[in-house]
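Hi,

Here is the structure I promised to pass on. Have a look at it first, and then read my notes below.

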Amino acid sequence: MPRGGSRRHTEMRAEEKTRWRAVNAPCALCGQATIDWDAPANTPDALEVDHTLPVKTHPHLEFEPSNRKPTHHRCNRAKGAGQAAPSIGLTSEAW
């Protein structure tokens, strides 16, 4: 299956970005709502689509909406094709 630069991926990403941006969706990996929606690709806080179940091991789920989540570029690259590191959970108050 094609990866990343395919037309289908580009169209899905644009639709997802619009929807996620409207609600200021948090990073699915670190939980912080600090994704820079306008940042150039490959910058630490830029939007990157994460596949909860990696495409490498589940190629049939590459375009499954429930398998696609918003993340920071840095968080998604740290995860790689593995599982996400466990988070510390939610803080008791906003800081």
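A quick definition before the details: I call it a salt bridge when a side-chain nitrogen of Lys or Arg sits within 4 Å of a carboxyl oxygen of Asp or Glu. Please keep in mind that this is a predicted model.

By that rule, arginine 21 and aspartate 38 form a salt bridge, with 2.8 Å between the closest N and O atoms. Arginine 21 belongs to helix 1 and aspartate 38 to the loop between helix 1 and strand 1 (47–51), so this pair ties together parts that are 17 residues apart in sequence. On the surface side of things, arginine 21 is partly exposed at 38% relative accessibility, while aspartate 38 is exposed at 58%.

The count for the model comes to six salt bridges. Another of them joins arginine 77 to glutamate 48, where the closest N and O atoms are 2.9 Å apart. Here arginine 77 is in helix 2 (residues 73–79) and glutamate 48 is in strand 1, so the pair ties together parts 29 residues apart in sequence. Arginine 77 is exposed, with a relative accessible area of 55%, but glutamate 48 is buried, at 11%.

There is also a salt bridge between the side chains of arginine 7 and glutamate 11, at 3.0 Å from N to O. Both residues are in helix 1 (residues 7–22), and because they are four residues apart, about one helical turn separates them. Arginine 7 counts as exposed at 67% relative accessibility, and glutamate 11 as partly exposed at 40%.

Now the cysteines. How many disulfides does the structure hold? Zero. Cysteine 27 is in no disulfide, and the nearest cysteine sulfur, that of cysteine 30, is 3.8 Å away. A disulfide needs the two sulfur atoms within 2.5 Å, so a pair at 3.8 Å does not qualify. Cysteine 27 is buried at 3% relative accessibility, whereas cysteine 30 is partly exposed at 29%.

As for the overall picture, the protein has two helices and two strands, and along the sequence they follow the pattern α-β-β-α. Of its 95 residues, 33% are buried. The accessible surface comes to about 6,400 Å², and carbon and sulfur atoms hold 56% of that. Among contacts with a separation of 6 or more, 60% are between residues 24 or more positions apart.

Cheers

Notes: Residues numbered from 1 in each chain as written. Predicted model: local features only at pLDDT ≥ 70, side-chain atom pairs only at ≥ 80, totals over all residues. Heavy atoms only, no water. Buried < 20%, exposed > 50% of the residue type's maximum accessible area, 1.4 Å probe, protein only. Contact = heavy atoms within 4.5 Å. Areas by Shrake-Rupley, 256 points an atom, 1.4 Å probe, with all protein chains shown as cover.
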